[in-house]
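Student: Before we discuss the assignments in this structure, could you show it to me, so that I can ask how each label is justified?

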Amino acid sequence: MNNMIQIEDLVFEYTRDEDQKHVRAIKGVSLSIERGSFTAIIGKNGSGKSTLAKNINALLLPSSGAVYVNGYDTRKEENIWDVRQSAAMVFQNPDNQIVSSIVEDDVAFGPENLGVPPGEIRIRVDHSLKAVNMYQHRKKAPHLLSGGQKQRIAIAGAIAMKPDCIVFDEPTAMLDPKGRSEVMSIIKGLHEEGITVVLITHFMEEAAEAERIVIMDQGKIALDGTPREVFSRGDEIRAMNLDVPLTIELCHRLRKRGIAVPENIINMEEMVEFLCQYK
Ligand code: ADP
């Protein structure tokens with residue numbers, strides 16, 4: 001199968017503890033994610049992004065419909081390790097993902113659970129720590145590291161599982177700007193190496209770095225396309241209470257004031273080129 005992830009008419013309902021009422025978080029989503037691609041998923045709080053990510057990782061199973069990861073049907077119990085080894089997950093809060101008191105032990109945790117032989121674990125741990133520029137901190141205690149460094153350790157833990165795909169659920173939400181840009185450059189590097197990346201984010205500038213943007217709204221896919229296609233629909237995006245990247249907003253406001261800004265501008269560089277005509 002050429003698709004890394006194949007989601008077919010997925011419906012997911014939570015049952016609330018208090019009153020046993022069903023909350024339908026995903027209301028019929030079909031989505032194919034190509035092997036080696038970089039997809040950003042955006043949408044306002046409560047639109048179902050995390051629920052979708054957890055269905056990809058088999059942390060949650062479909063109420064109806066199906067999710068296939070690397071061809072493995074997540075509903076089949078015997079597939080669970082193949083699913084989780086194919087698509088690793090990195091969450092928002094690095095503190096909740098770090099389990100050991102030494103950085104390199106933490107990175108080894110995933111492959112140990114997969115039963116990888118010790119010699120191979122050593123190789124994977126060193127490689128993963130180098131990939132996130134944290135090799136020199138391998139003997140440190142994670143709690144002494146910054147938020148961005150801890151998140152890079154969590155990413156190294158995911159890389160050490162040798163997954164084909166990594167699903168990032170708002171990995172930069174708790175980081176300062178420096179930590180955010182470090183983590184984003186690692187994510188882009190992983191994509192360049194051929195790993196399929198799914199990035200849930202509420203930062204539009206991060207989403208603009210992806211090849212494809214999927215916008216979720218009320219448990220459904222509202223828009224799906226390249227950043228250029230999606231951001232050209234600024235009015236619809238604003239109507240979903242989402243921001244658009246700064247450059248797009250600037251284009252929009254200039255057009256409202258009667259300046260004929262071309263439709264194809266989406267990034268800062270293109271905007272600068274356009275403005276320089278008026279030198
Ligand atoms: P997002 O990641 O876009 O913020 P979520 O997937 O977290 O959205 O949530 C989608 C919907 O599911 C929301 O209405 C939310 O309140 C509900 N929900 C999320 N987690 C639970 C849960 N554990 N129990 C009940 N409802 C939940």
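Student: What makes β6 and β10 the edge strands of the open sheet?

Tutor: In this predicted model, the open sheet has 6 strands in the order β6-β7-β8-β3-β9-β10, with mixed pairing. The strands β6 (87-90) and β10 (220-225) each pair on one side only, and they are therefore its edges, given that two strands pair if DSSP finds at least two bridges between them. Neighbouring strands of this sheet are turned against each other by 20° on average, with direction ignored.

Student: How do you know that β9 and β10 count as paired?

Tutor: Strand β9 (residues 212-217) is joined to β10 by 5 bridges, and the two run antiparallel. The criterion asks for at least two bridges, so β9 and β10 count as a pair. An individual partnership is that of Ile215, whose bridge partner in β10 is Leu223.

Student: Which helix packs on the sheet by touching β6 and β7, and what is its direction relative to β6?

Tutor: That is helix α5 (residues 147-159), which touches β6 and β7 (165-169) and whose direction makes about 170° with that of β6.

Student: Why is the contact between Lys150 and Asp95 called a salt bridge?

Tutor: The side chains of Lys150 and Asp95 meet at 2.8 Å, N to O, and the cut-off is 4 Å between a side-chain nitrogen of Lys or Arg and a carboxyl oxygen of Asp or Glu, so the pair qualifies. This pair links distant parts of the chain, with Lys150 in helix α5 and Asp95 in the loop between β6 and α3 (103-113), 55 residues apart. Lys150 counts as buried because its relative accessibility is 13%, where the limit is under 20%, whereas Asp95, at 47%, is partly exposed.

Student: What makes Glu104 buried and Lys139 exposed, when their side chains meet in a salt bridge?

Tutor: The label belongs to each residue separately: Glu104 has a relative accessible area of 10% and is therefore buried, while Lys139 has 58% relative accessibility and so counts as exposed, the threshold for that label being over 50%. Their side chains meet at 2.8 Å, N to O. Glu104 lies in helix α3 and Lys139 in the loop between α4 (118-131) and α5, so the pair ties together parts that are 35 residues apart in sequence.

Student: How do you know that Glu120 and Lys162 also form a salt bridge?

Tutor: Their side chains meet at 3.9 Å, N to O, and the pair is accepted because the cut-off is within 4 Å. Glu120 is in helix α4 and Lys162 in the loop between α5 and β7, 42 residues apart. Glu120 itself is partly exposed, since its relative accessible area is 28%. Elsewhere, salt bridges that share partners join Glu104, Arg122, Asp126 and Lys139 into one network, and the structure holds 21 salt bridges.

Student: Why is Leu246 called exposed, and which nonpolar surface patch does it help to make?

Tutor: Leu246 has 57% relative accessibility and therefore counts as exposed, the limit being over 50%. With Met268 and Val272, Leu246 makes a nonpolar surface patch of about 290 Å². The place of Leu246 is in helix α10.

Student: Which residues of α10 are buried, and what do they pack against?

Tutor: In helix α10 (residues 246-256), the buried residues are Thr247, Ile248, Glu249, Cys251 and His252, and they pack against α8 (227-231), α9 (234-239) and α11 (268-276). The helix α10 is followed by Gly258, whose phi is positive, near 90°.

Key:
Residues are numbered from 1 along each chain as its sequence is written. This is a predicted model: local features need pLDDT of at least 70, side-chain atom pairs count only at pLDDT 80 or more; totals for chains, interfaces and linings use all residues. Side-chain values use heavy atoms; hydrogens and water are left out. Buried means under 20% relative accessible area, exposed over 50%, partly exposed in between (1.4 Å probe, protein chains only). Helices (H or I, at least four residues) and strands (E, at least two) are DSSP runs, numbered from the N terminus. Contact means heavy atoms within 4.5 Å. Axes are lines fitted to C-alpha atoms, for helices over the stretch in contact, and angles run from 0 to 180 degrees between N-to-C directions. Patches are made of residues with over 30% relative accessible area and no salt bridge: like charges are joined within 9 Å, nonpolar side chains (Val, Leu, Ile, Met, Phe, Trp, Tyr) within 5 Å. Accessible areas come from the Shrake-Rupley method with a 1.4 Å probe; for residues, only the protein chains shown count as cover.
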